[in-house]
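Biologist: I should like to learn how to read a protein model feature by feature. Could we begin with the interior and then proceed to the strands and helices?

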Amino acid sequence: MPAIRRLSDATINRIATGEVIERPAAAVKELVENALDAGARRIEVLLTGGGIARMEIIDDGCGIAADQLALALERHATSKLADETLVRIATLGFRGEALPSIGAAARLTLISRPEGQDSACRVQVAGGAIGPVAPAPGVKGTRAIVEDLFYATPARRKFLRSPRAEGDAAERAVWRLALAAPHVAFRLVADERVIFDLPAQDEAARVAALFGRETASSLLPLEAERDGVRLTGLIGPASLSRATMALQSFVVNGRPVVDPLLRLGLRLAYRDVVPAGRHAVAALRLTVPDEALDVNVHPAKTELRFADGNGVRSLLIGAIGRALARPVSLANAPVALPSLALRPPPSASWPAPRPPGPVARGFAEAELALAAPPAARVFAPPPMPEAAPVPEHPLGAPIAQILDTYILAAAPDGALVLVDQHAAHERLTEERLREEFSAGRIAAQPLLVPVVVEVSPSEAARLLAESETLARLGLEIEAFGPGAVLVRAVPAALKNPDAAGLLRDLAEEFAEADAPLALEARLDAALARLACHRSIRAGRRLQREEMEALLREMEATPRAATCSHGRPTFLKLTRAELEKMFGRRN
Ligand code: ADP
Ligand code: MG
């Protein structure tokens, strides 16, 4: 057995490098954080070859005095921890690990000049060896140049992805920091391409610049506070979702974080309105009392520990729920259909659509030509007055029902509106159930003859584990052997539900959640399922009055633009889009 010995500083630094600097994105993040900690008003980041070949970070911050330059490169040397309790950490850095770690893995040059110092000084560290400090030309502030990342640790270099992928990640790291510090001017250049060049600005302007103006124009402002924790920011409406989490930014006490608790909170908050596999858009900022936060969890400091994680999550879910609950308006109509214009004309073998009622003809034919399968049926409700749409009804007046599934309406601004009757009704039912639930009015209807529903043993277990949640919604179940569940009562509101279908759906819903859901999320999920089972089916013919009532109720109901599964409840084709499709304008 070999003797125990101390590792050399050089080796210690190389090991630390792996924790702090695992790729160019991490190095760039540390160096920009240093610039922010130095009080910079302007930061410039230049990346070459994905940051692997070279990165340069230039700031106009406080600088490092000549006699401190070499010390800055030493391990655990920091100017930022005045008291060593690690409780109140106001700066982004505090471990004194970044510069020595980068210097152990690459060639790092620092050129710095504090205010009042005659000239700048320069120091270089390569593969852990610190060179002499010497005067050099330079203005106030600091330039950090990193070359040949991981040349000194080839084992790590092998794990790097392509310069392109590393460059993307590095750009993202700067993007996050730029969102966290809108009051600082940021310029990012990658391989001589200017990625962004932003002046000091307010938060909304920064989000607009970094999320894209079009996305930003639909974002909803958010503000909430609870127990000293403040949440502000901008979030996407229900109709806006993305295939990835790329447009999600969390900033906690000025620090950009990628935190699982916050991500999960956001997902739960949007669970109802964003389709599975899609992701909400949000730029959120939390301000938490220092003593309620531990940032010393992870070397890269991107994960946090909240003293009251549940409180933070409820704050997030509640605030987002309220913001999304604003009723539909014309201003944020969910989906336009420009892509329809690009569809090939319907195949000639389709039978010509049966002529619809006289009034509906023009609109209905246009729709059929775009979307109808062969058996298209259009139902124009009999008494069809020449109803001019009333301006205060954004979804307009119903004109016809198509395929017994969609309601066609004309909006006051000349737009065509198509409503999916099932999706829309499902949302209305869910909101009504939700209201009943919060008023404590969901009644259970005992069944005269309890129903035995056969399910798989795992489904049975899952349902029984939730029996208390379900009981609060009026659904009373009991164990009935390994592969079955006994239903004693159903929610009165559901009239005659198909108990078996409902239970299977619920089991699936509870199984889908890949993390234990909070009670409110489980209730939400169950409510959505109940709503689905009580709603107007696609394929049911509606009378004009029913259509009218559905449209009016949608306008008055929160979150009516999407169904409980996140699909849109209505689509809109504006007058301008119609004119474009018909070649009346470009
Ligand atoms: P930490 O940021 O955790 O203190 P670093 O290794 O990143 O550790 O930096 C070490 C020290 O070097 C900092 O505490 C700071 O005093 C100084 N420093 C680093 N970068 C800059 C900069 N851009 N401007 C001014 N001082 C800097
Ligand atoms: Mg640092």
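Modeller: Let us begin with the class of the residues around the largest cavity: its lining holds four nonpolar, two polar and two charged residues. Please keep in mind that this is a predicted model.

Biologist: Which residues line the largest cavity, and what is its volume?

Modeller: The lining consists of Arg176, Met245, Gln248, Ser249, Phe250, Val257, Val258 and Arg263. The volume of this cavity is about 60 Å³. Strand β12, residues 248–252, contributes the most to the lining, namely three residues.

Biologist: How many cavities of 30 Å³ or more are counted?

Modeller: The count is four. The second largest has a volume of about 50 Å³. Its lining is made up of Leu179, Glu203, Val207, Ser249, Val251, Ala283, Leu284 and Arg285.

Biologist: Which elements each supply at least two residues of that second lining?

Modeller: They are helix α7 (203–211), β12 and strand β14 (282–287). Of these, β14 has the largest share, with three residues. Sorted by class, the lining of the second largest cavity has five nonpolar, one polar and two charged residues.

Biologist: Strands β12 and β14 have now been mentioned. How should I read the sheet in which they lie?

Modeller: The general idea is that strands of a sheet pair through backbone hydrogen bonds, either parallel or antiparallel. In this structure, β12 and β14 belong to an open sheet of five strands, in the order β10-β11-β14-β12-β13, and the pairing is mixed.

Biologist: Why is one side of β10 and of β13 left without a neighbour in the sheet?

Modeller: β10 and β13 (255–257) stand at the edges and each has a single partner strand, so one side of each lacks a neighbour in the sheet. Neighbouring strands here are turned against each other by 20 degrees on average, with direction ignored.

Biologist: In which sense do β12 and β13 pair?

Modeller: Their pairing is antiparallel, over three bridges. Within this pair, Val251 has Pro256 in β13 as its bridge partner. Two helices can then be placed on the sheet. Helix α7 packs on it and touches β11 and β14, with a direction at about 145 degrees to that of β14. Helix α10 also packs on the sheet, touching β10, β11 and β14, and its direction makes about 140 degrees with that of β10.

Biologist: What joins β10 to β11?

Modeller: Seven bridges join strand β10 (residues 220–226) to strand β11 (residues 229–235), and the two run antiparallel. For example, Ala224 has Leu231 in β11 as its bridge partner. The two strands form a hairpin with two residues between them, where Asp227 takes a positive phi near 45 degrees.

Biologist: Which residue in the turn between β8 and β9 has a positive phi?

Modeller: That residue is Asp191, with a phi of about 45 degrees, in a hairpin that has two residues between its strands. Strand β8 (residues 185–190) and strand β9 (residues 193–198) pair in the antiparallel sense over five bridges. Leu188 stands opposite Phe196 in β9.

Biologist: How does one read two helices that meet, such as α9 and α10?

Modeller: One asks how their axes lie and which residues touch. The axes of α9 (residues 260–269) and α10 (residues 309–324) come within 9 Å and cross at roughly 35 degrees. The crossing is right-handed. On the α9 side the contact includes Leu261, Leu262 and Leu264, and on the α10 side it includes Val312, Leu316 and Ile320. By class, this contact has eleven nonpolar, two polar and one charged residues.

Biologist: What is the order of the strands in the open sheet of three strands?

Modeller: The order is β21-β23-β22, with antiparallel pairing. Strands β21 (444–454) and β22 (476–479) stand at the edges with a single partner strand each, so one side of each is left without a neighbour in the sheet. From one strand to the next, the twist averages 20 degrees. Seven bridges join β21 to β23 (residues 484–491), and Val452 has Leu486 in β23 as its bridge partner. Helix α13 (residues 457–465) packs on this sheet, touching β22 and β23, and its direction makes about 130 degrees with that of β22.

Notes:
Residues are numbered from 1 along each chain as its sequence is written. Chains are lettered from A and ligands numbered from 1 in the order in which they are written. This is a predicted model: local features need pLDDT of at least 70, side-chain atom pairs count only at pLDDT 80 or more; totals for chains, interfaces and linings use all residues. Side-chain values use heavy atoms; hydrogens and water are left out. Two strands pair if DSSP finds at least two bridges between them. Helices (H or I, at least four residues) and strands (E, at least two) are DSSP runs, numbered from the N terminus. Axes are lines fitted to C-alpha atoms, for helices over the stretch in contact, and angles run from 0 to 180 degrees between N-to-C directions. Contact means heavy atoms within 4.5 Å. On a 1 Å grid over the protein atoms alone, a cavity is a set of points where a 1.4 Å probe fits but cannot get out, and a pocket is an open set with protein on both sides within 12 Å along at least five of seven lines; lining residues have an atom within 4 Å of a point. Grid points are joined across faces, edges and corners, and a volume is the space filled by probe spheres set on the points. Ala, Val, Leu, Ile, Met, Phe, Trp, Tyr, Cys and Pro count as nonpolar, Asp, Glu, Lys and Arg as charged, and the others, Gly among them, as polar. A crossing is left-handed if the near helix is turned anticlockwise from the far one by less than a right angle, and right-handed if clockwise.
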